[in-house]
Amino acid sequence: MSYQVIARKYRPRKFADITAQEHTTLTIQNSLRLGRVGHGYIFSGLRGVGKTTAARVFAKAVNCSRMIEDPVYLKEVTEPCGECESCRDFEAGTSLNISEFDAASNNSVDDIRLLRENVRYGPQKGRYRVYIIDEVHMLSTAAFNAFLKTLEEPPAHAIFIFATTELHKIPATIASRCQRFNFKRIPLDDIEKQLRNICGAEDLDVESDALQLIGRKAQGSMRDAQSILDQVIAFAVERDDDRSIHYDKVAELLNYIDDDQFFEVTDAVADDNPKKMFDVARFVIDNGYDEQDFLEKLIEHLRNFLVVYNLRSTRLIERPEPVKERYQREAARFTPSIIMQMIDLLLQAQKELKFQFEYQFRFELVLLKLIGIVHPSGSATNAGRAGEDTEKKKPVVQS
Ligand SMILES: Nc1ncnc2c1ncn2[C@@H]1O[C@H](COP(=O)(O)OP(=O)(O)OP(=O)(O)O)[C@@H](O)[C@H]1O
Ligand SMILES: [Mg+2]
Ligand SMILES: [Zn+2]
């Protein structure tokens, strides 16, 4: 049997399996129940959150014989049955009632004309022909205009689903003729749950911390999470009789900088300890981590303190419990205004570093400057004395 990547193997086949997009799936199911299916839809949102998947399930549902013929099933289940001839054609990828059109590579007026020609013909079997137009924001203005008329007076059998990661690039003339659904970034918990199910089905024994690492790296995209999992399996599973995946392996593969390093930075600031700061900078540079990426994560680290400070809760922090507790314990060391100043400095540095050549040297300086925010006359900024006072522990003054 040929190997199928996880993202395809576990693509949801019905509405209920599409995670975290209930606002969309429930609304669509409702319109199916009421027999009020529209002709134009826009599915927008981040990459890999279920737009194409939902469009395919929708296309399958409007053509499912059971849904069409059995009113009780339609009302109570409202899912493609997966068993009728139409559903089977869809699942085998042989249905003629769905056309996927990639606007990124077919974006000329001629391409649209061809599509328009095609739209005139109704389905031979089933009820609707569904046209999924992916990356629709890539269409030229002329191509959009060529499409308008079709969208204004669509044949009764046609449903258009425009998918895009960039909603703002779709002309208002098109958008106002469609029902719009915004697909959300998938919460870490949901990604982890899905990964856990897949690992179960694949007979993999993965440490919970490791799953969370994968989930975080995916930044809200289920497809990314699944592709990373593919990569992790290839990297970490060496023998078929030991299908376990440990945190360390995943951290190594993802070139993951442990949370400890970021706490070292805030410790160095709180303790006015430039030596510690130099050590962190060295660690990042020597291990070949990307400095920009480090600054990005450091900003997130500081943001986590702000979360604790302002919400008095770690609910919005995506980390394992012990790390959350550490945020809780250490937040009171800095005032929110000091944290904001540190964040500002880092944001500024991110911009500036892009254009620098003495990259690593600048990177060290940026980290040292953080200490200066809290200790304006402390060791880091006191020329000649840097390093001397490294053992000194000063409390941070709260203002
Ligand atoms: N909400 C979701 N629930 C479950 N699985 C999902 C979800 N979103 C994405 N996936 C998984 O990710 C894969 C890719 O999803 P899909 O093709 O629907 O993404 P997309 O939003 O169309 O992305 P793109 O903008 O890159 O086209 C699916 O095959 C599925 O395995
Ligand atoms: Mg897609
Ligand atoms: Zn069916």
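Which residues of the largest nonpolar core touch the most other members? In this predicted model, they are Phe58, Val130, Ile161 and Ile214, out of 59 residues in that core. Helix α3 gives the most to the core, with seven residues. The core also crosses a domain boundary: domain 1 (6-183) and domain 2 (188-253) each put in at least three residues. That fits a general pattern, since nonpolar side chains tend to be buried together in soluble globular proteins.

**The overall layout**

Let's step back to the whole chain. There are 19 helices and seven strands, and 33% of the 399 residues count as buried. Along the principal axes, the C-alpha atoms fill a box of roughly 85 × 55 × 40 Å. The domain assignment splits the chain into domain 1 (6-183), domain 2 (188-253) and domain 3 (259-374). Between the C-alpha centres of domain 2 and domain 3 there are 27 Å.

For a feel of the distances, take Ala61, which sits in helix α3. Ala61 counts as buried because 26 C-beta neighbours lie inside 10 Å, and 20 or more are enough for that label. Now jump 247 residues along the chain to Val308: the C-alpha atoms of Ala61 and Val308 are separated by 45 Å.

**The sheet**

Five strands make an open sheet with parallel pairing, and their order is β2-β3-β4-β1-β5. At the edges you'll find β2 (98-102) and β5 (179-183), each of which pairs on one side only. On average, and ignoring direction, neighbouring strands here are turned by 20 degrees against each other. As in sheets generally, strands pair through backbone hydrogen bonds, either parallel or antiparallel.

For one pairing in detail, look at β1 (residues 40-45) and β5, which run in the parallel sense over five bridges. Gly45 stands opposite Phe183 in β5.

**Around ligand 1**

So what surrounds ligand 1, and which residues are the closest? The shell has 24 residues, with Arg11, Gly50, Lys51, Thr52 and Thr53 the closest. Split by class, that shell holds nine nonpolar, nine polar and six charged residues. Three helices, α1 (6-9), α3 (51-63) and α12 (222-236), each supply at least two of the shell residues. Helix α3 therefore turns up twice in this story, as a supplier of the shell and as the helix that gives the most to the nonpolar core.

Where does ligand 1 lie with respect to the domains? Ligand 1 lies between domain 1 (6-183) and domain 2 (188-253), because both of them give residues to its shell.

**Two residues with positive phi**

Finally, a couple of backbone oddities. Glu135 and Gln219 are worth a look side by side:

| Residue | Phi (positive) | Loop | C-beta atoms of other residues within 10 Å |
|---|---|---|---|
| Glu135 | about 55 degrees | between β3 (129-134) and α8 (141-152) | 18 |
| Gln219 | about 50 degrees | between α11 (208-218) and α12 | 15 |

Glu135 has its positive phi although it is not a glycine, and the same goes for Gln219. Are these residues buried, exposed or partly exposed? With 18 other C-beta atoms within 10 Å, Glu135 is partly exposed. Gln219 counts as partly exposed too, with 15 C-beta neighbours inside 10 Å. Both counts fall between the limits, because a buried residue needs 20 or more and an exposed one has 12 or fewer.

Terms used. Residues numbered from 1 in each chain as written. Chains lettered and ligands numbered in written order. Predicted model: local features only at pLDDT ≥ 70, side-chain atom pairs only at ≥ 80, totals over all residues. Pairing = 2+ DSSP bridges. Helix = DSSP H or I, 4+ residues; strand = E, 2+ residues; numbered from the N terminus. Axes fitted to C-alpha atoms, helices over the stretch in contact; angles between N-to-C directions. Near = placed C-beta within 6 Å. Nonpolar A, V, L, I, M, F, W, Y, C, P; charged D, E, K, R; others polar. Domains from an automatic or database assignment. Core = buried A, V, L, I, M, F, W, Y, C linked by C-beta atoms within 7 Å.
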